[in-house]
Amino acid sequence: PFITPIRSVGVQYGEALLTSSDDDATGWMRIFGNQNRSTTHIAQAIDLPPDVFGFLLVSREPGQVNFPGGSSGRLLLGGQIGRYVDQITSSGTFGRMSFNIDPFDLPQPAGAASALVNETWHFQAWHRDSVNGQPTSNLTNGVRVTFKN
């Protein structure tokens, strides 16, 4: 089921590194929902470069790796990391992306997993970026959500 974003849930953590969109802009993410496992939540990433592609990442564990794989960002997830590749989207003119999160269908490398009651999951948005005109990627801050009932 789809819910209208009513309130921000979860705890933001970590610090994103600067994007190419502005001298002092970092990608920023929050999640809307109610922490109930039976409802869809919405992840919203803002302050991204305009017209770049990106997708949501998810993991049971936090982490911190600077410049992973040549990226210009900071990966704030650890352990097994899933990718929402079925929701690849563009940041559009305003540098924003939205993603649906189904707590019963969280992507993982070995297949989808379901959030358990009182289990915490960590989310972060990955997006294309550029440095001095050279293509790279970057990431937002992280958000952890503990799912209830």
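Q: In this structure, which residue in β4 stands opposite Met-29?
A: The model is a predicted one. Strand β3 spans residues 28-32 and is joined to β4 by 5 bridges, the two running antiparallel. One of the facing pairs is Arg-30 with Gln-44 in β4. For Met-29, the residue opposite in β4 is Ala-45.

Q: In what order do the 4 strands of the open sheet stand?
A: β1 and β3 pair in the antiparallel sense over 2 bridges, and 5 bridges join β3 to β4. β4 also pairs with β8, again antiparallel and over 5 bridges. The order in the open sheet is β1-β3-β4-β8.

Q: Which strands stand at the edges of this sheet, each with a single partner strand?
A: The sheet is open, and its pairing is antiparallel. Each edge strand has a single partner, so one side of it is left without a neighbour in the sheet. The two edge strands are β1 (8-9) and β8 (97-101).

Q: Which residue in β3 stands opposite Ser-8?
A: The pairing of β1 with β3 is antiparallel and rests on 2 bridges. β3 covers residues 28-32. Opposite Ser-8, in β3, stands Phe-32.

Q: What is the bridge partner of Ile-42 in β8?
A: β4 and β8 are paired over 5 bridges in the antiparallel sense. The partner in β8 belongs to the uncovered face of that strand, which holds Ser-98 and Asn-100. The bridge partner of Ile-42 is Asn-100.

Q: Which residues make up the covered face of β8?
A: β8 has two faces, and the uncovered one consists of Ser-98 and Asn-100. β8 is also among the elements that give two or more residues to the largest nonpolar core. Ile-101 is one of the residues with the most contacts inside that core. The covered face is made of Met-97, Phe-99 and Ile-101.

Q: How many residues does the largest nonpolar core have?
A: The residues with the most contacts inside this core are Ile-31, Leu-56, Ile-101, Trp-121 and Phe-123. The elements giving two or more residues to the core are β3, β4, β5, β8, β9 and β10. A second, separate core of 7 residues includes Leu-57, Leu-75, Leu-76 and Leu-77. The largest core has 22 residues.

Q: How far apart are the ring centres of Phe-55 and Trp-126?
A: The count of aromatic pairs comes to 1. The ring planes of Phe-55 and Trp-126 lie at 25 degrees, so the pair is stacked, as planes under 30 degrees apart count as stacked. Their ring centres are apart by 4.9 Å.

Q: How many residues apart in sequence are the parts that Phe-55 and Trp-126 tie together?
A: Phe-55 is buried, with a relative accessible area of 11%. Phe-55 lies in strand β5, while Trp-126 lies in strand β9 (residues 120-131), so the pair ties together separate stretches of sequence. The separation is 71 residues.

Q: Which residue forms a salt bridge with Arg-60?
A: A search of the whole structure finds 1 salt bridge. The closest N and O atoms in the pair are 3.1 Å apart, and the cut-off is 4 Å. Arg-60 lies in strand β5 and its partner in the loop between β8 and β9, so the bridge ties together parts 59 residues apart in sequence. The partner of Arg-60 is Glu-119.

Q: Is Glu-119 buried or exposed?
A: Arg-60, at 39% relative accessibility, counts as partly exposed. Glu-119 has a relative accessibility of 16%, and the limit for burial is under 20%. Glu-119 therefore counts as buried.

Q: What accessible area do Phe-53, Val-85 and Ile-88 have together?
A: These three residues form a nonpolar patch on the surface. Val-85 sits in the loop between β6 (74-83) and β7 (89-90). Val-85 is partly exposed, with a relative accessible area of 46%. Together the patch residues have about 300 Å².

Q: What is the phi of Asn-149?
A: Asn-149 is found in the segment after β10 (134-146), and at 56% relative accessibility Asn-149 counts as exposed. Asp-47, in the loop between β4 (41-46) and β5 (53-66), is partly exposed at 42% and has a positive phi of about 60 degrees. Asn-149 is not a glycine, yet its phi is positive, at about 25 degrees.

Definitions and conventions. Residues are numbered from 1 along each chain as its sequence is written. This is a predicted model: local features need pLDDT of at least 70, side-chain atom pairs count only at pLDDT 80 or more; totals for chains, interfaces and linings use all residues. Side-chain values use heavy atoms; hydrogens and water are left out. Buried means under 20% relative accessible area, exposed over 50%, partly exposed in between (1.4 Å probe, protein chains only). Rings of Phe, Tyr and Trp (its six-membered ring) pair if their centres lie within 6.5 Å; planes under 30 degrees apart count as stacked, over 60 as edge-to-face and the rest as tilted. Two strands pair if DSSP finds at least two bridges between them. Patches are made of residues with over 30% relative accessible area and no salt bridge: like charges are joined within 9 Å, nonpolar side chains (Val, Leu, Ile, Met, Phe, Trp, Tyr) within 5 Å. Accessible areas come from the Shrake-Rupley method with a 1.4 Å probe; for residues, only the protein chains shown count as cover. A salt bridge is a side-chain nitrogen of Lys or Arg within 4 Å of a carboxyl oxygen of Asp or Glu. A nonpolar core is a set of buried Ala, Val, Leu, Ile, Met, Phe, Trp, Tyr and Cys residues joined through side-chain atoms within 4.5 Å.
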